[in-house]
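This report describes the fold of a single protein chain. The sequence and the structure are shown first.

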Amino acid sequence: MDNFEDENPFETDVDRVPSETSSTSKVNISAPSSPRHPARVLSPTSPTLSRPFPSSGTNRHPQTSYKSDFCCGRDQWLHSGEDLEILIMDAQKTSLNSNTPYITYIIRAGNAEARHRYSEFESLRSSLVKLYPTIIIPPIPSKQTIGDYATKQAKAKEDAAMIARRKRMLQTFLNRIARHPILSNEHVFHRFLDGEVSWTEVLHSPPLSLLPKNTLKAPSHNPTDQSAASAYAALPNPSATHPLRNPDQRSVDSEIFTNKFANHLSGPMEKVTRRTLKRWSENAQDYSELGAALNGYSLNESGALAAAMEKTGQAVDTTYMSTTRLLQELEQNFSEPLHEYAQFAVIIKKLLSYRHQKHVQYEMTQDALENKREMLEEYEKSEREAKRLDEALSKGRVNGLRSPGSPAEGEEGQSQSQSLPQDEAEEPGSAYLPPHPGPNPYKRRAPGMGFLNALSYTLHGMMDVDPETARRSSISKTRETISQLEDALHLSAQDLKYSSSTIQADLDRFQRQKVADLREMTISMARIHRDWCKKNLEAWQAAKKEIEKIPDHPNKRPPSPEVRPVPGPSGLRRDSTATVNGR
């Protein structure tokens, strides 16, 4: 990890920014950096799809060459350079390898066909989230709500509209992964598309079996790498709400923009869209009932009137069918993509939260390292003081002892020896030590203290209470902890640099894709309404022609010159002859 690559997987060589070599304690976390595991991220090439949604417009930089090293047949098919599309052909009810029936979705990817249930799509997405914690993983349709199960009960899983919606959104999910410059290279995704591989076996084999429980304590560029597991174990596990001392302004701006984006989508836009679709549905139902009533009433009439009423009923029926078609297309081409982008907003929030936690982790590791260094400095200071005190005591003890050849021996020594007792004066080289005081005869022990004293004596005998040994042991452990924290800080800094650059690059790619998709959504909405108007106009023009064939009313007064009111005594007076027809 000393030499850290600075490669952005989403940018071209022209846009690449060189990084600076960072030290252990001071790391420039604002510099873009992106180390990649060779087996995890390959060349960013993927084909564009021909479907109008998701848009195939501006989600990728132009590629000069296609990928040449393929891991399997699905990989080669995905990167063949052609406009390819993964299709979900059908949804069938089955009970294979299960005690209860379930819906399986038949996936066609080239000449391969795979069958997967909804829970396996969920496990694929959760696996990709753990493998690539710094990439926006596309969403899948949400599960049935409790209300759906309460109203439909056992038939909720077999609802035709829900299954059709899931087919469309799961197909969009697969195609978004297939078109992603990084995710399309993942062999786990290739095996999901291969119908000859057991998905349970994939989930219990590398790399998925090597994933850590906590992605914050694993390398961002390759969470399955266990070579630095001990260093990552020393990293703290911060919460998503922990404040930052030095927040990155670009990340703050991204969080603000994402919050606004999520509030607009999940708030007014989705609510208004749901109300609009509901009213279109009610309008179509009303047209259906009106058309049936007109067609039935035309049977009671004859001649041109019956034909005109029947044609009007047919025009109303055409409006009903075109409105139903408009409702379906609005749901598929506007409502569902809008809901998908509301899910994207939640995913991006989690991605930015991961980056925030990595930044907090870096700052907390810095704080822990500084604290340990201060603690080591205090321990070393205590050690120096203890050594100085030992030297002073040793020097004082040597000065207090009198050797036979010392120059101070003379009359002074003789006078001192005379003042000492006889048994001590015979040993001129011994130092005087006062006798150890015995127990105080007046101190009474509390009942039961004998047992506690014995227990305390035993515990002190089991523990190392030697201050010098404890201090040196603490110094050794603190130095070892500092070494681990220095390695952890270096890894945390590299992870933060990689996370910042890769998340921002994928956000830029997502923004380009979002603009292209929203353009397609609005154009599709305009086209849907235009076709609805054209279809209805043709039907009502045909009805108008039949209505014009109805003869005039027999009591209709022929056109006459304009009759002016005759003035009377009270002003204007109505002409009584104007009320008589034919006279």
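The text below moves from the whole chain to a hairpin, its turn and the nonpolar cores.

**Overall composition**

The model is predicted. The chain contains 13 helices and five strands. Of its 583 residues, 36% count as buried. The accessible surface of the chain comes to about 35,400 Å², and carbon and sulfur atoms hold 53% of that area. Among contacts with a separation of 6 or more, 75% join residues 24 or more positions apart.

**The E2–E3 hairpin**

Strand E2 (residues 102-109) pairs with E3 in the antiparallel sense, over six bridges. One of the bridge partners is Ala114 in E3, which faces Ile107. The two strands form a hairpin with two residues between them. Strand E3 (residues 112-117) has side chains that alternate between two faces. The table sets out these faces.

| Face of E3 | Residues | Burial |
|---|---|---|
| One face | Ala112, Ala114, His116 | buried |
| Other face | Glu113, Arg115, Arg117 | not buried |

**The turn at Gly110**

Gly110 lies in the loop between E2 and E3 and has a positive phi of about 70°. Is Gly110 buried, partly exposed or exposed? Its relative accessibility is 33%, so Gly110 counts as partly exposed. Leaving aside residues up to four places away in sequence, Gly110 touches Arg74 and Trp77. Gly110 and Leu87 are 23 residues apart in sequence, and their C-alpha atoms are 9.1 Å apart in space.

**The nonpolar cores**

In soluble globular proteins, nonpolar side chains tend to be buried together. The largest nonpolar core in this chain has 35 residues, of which Ile86, Phe121, Leu124, Leu174 and Phe189 touch the most other members. The elements that give two or more residues to this core are helix H1 (73-78), E2, helix H2 (118-131), helix H4 (160-179), helix H5 (187-193) and helix H6 (199-203). Which element provides the largest share of this core? H4 does, with seven residues.

Ile86 illustrates the contacts made by one of these core residues. Not counting residues up to four places away in sequence, Ile86 touches Trp77, Leu78, Ile107, Arg108, Ala109, Gln171, Leu174, Asn175, Ala178, Phe189 and Leu193. Ile107, one of the residues in this list, is also the bridge partner of Ala114. Trp77, likewise touched by Ile86, is in contact with Gly110 in the turn.

A second, separate core has 18 residues, among them Leu338, Ala345, Ile348 and Leu352.

Terms used:
Residues numbered from 1 in each chain as written. Predicted model: local features only at pLDDT ≥ 70, side-chain atom pairs only at ≥ 80, totals over all residues. Heavy atoms only, no water. Buried < 20%, exposed > 50% of the residue type's maximum accessible area, 1.4 Å probe, protein only. Helix = DSSP H or I, 4+ residues; strand = E, 2+ residues; numbered from the N terminus. Pairing = 2+ DSSP bridges. Core = buried A, V, L, I, M, F, W, Y, C linked by side-chain atoms within 4.5 Å. Contact = heavy atoms within 4.5 Å. Areas by Shrake-Rupley, 256 points an atom, 1.4 Å probe, with all protein chains shown as cover.
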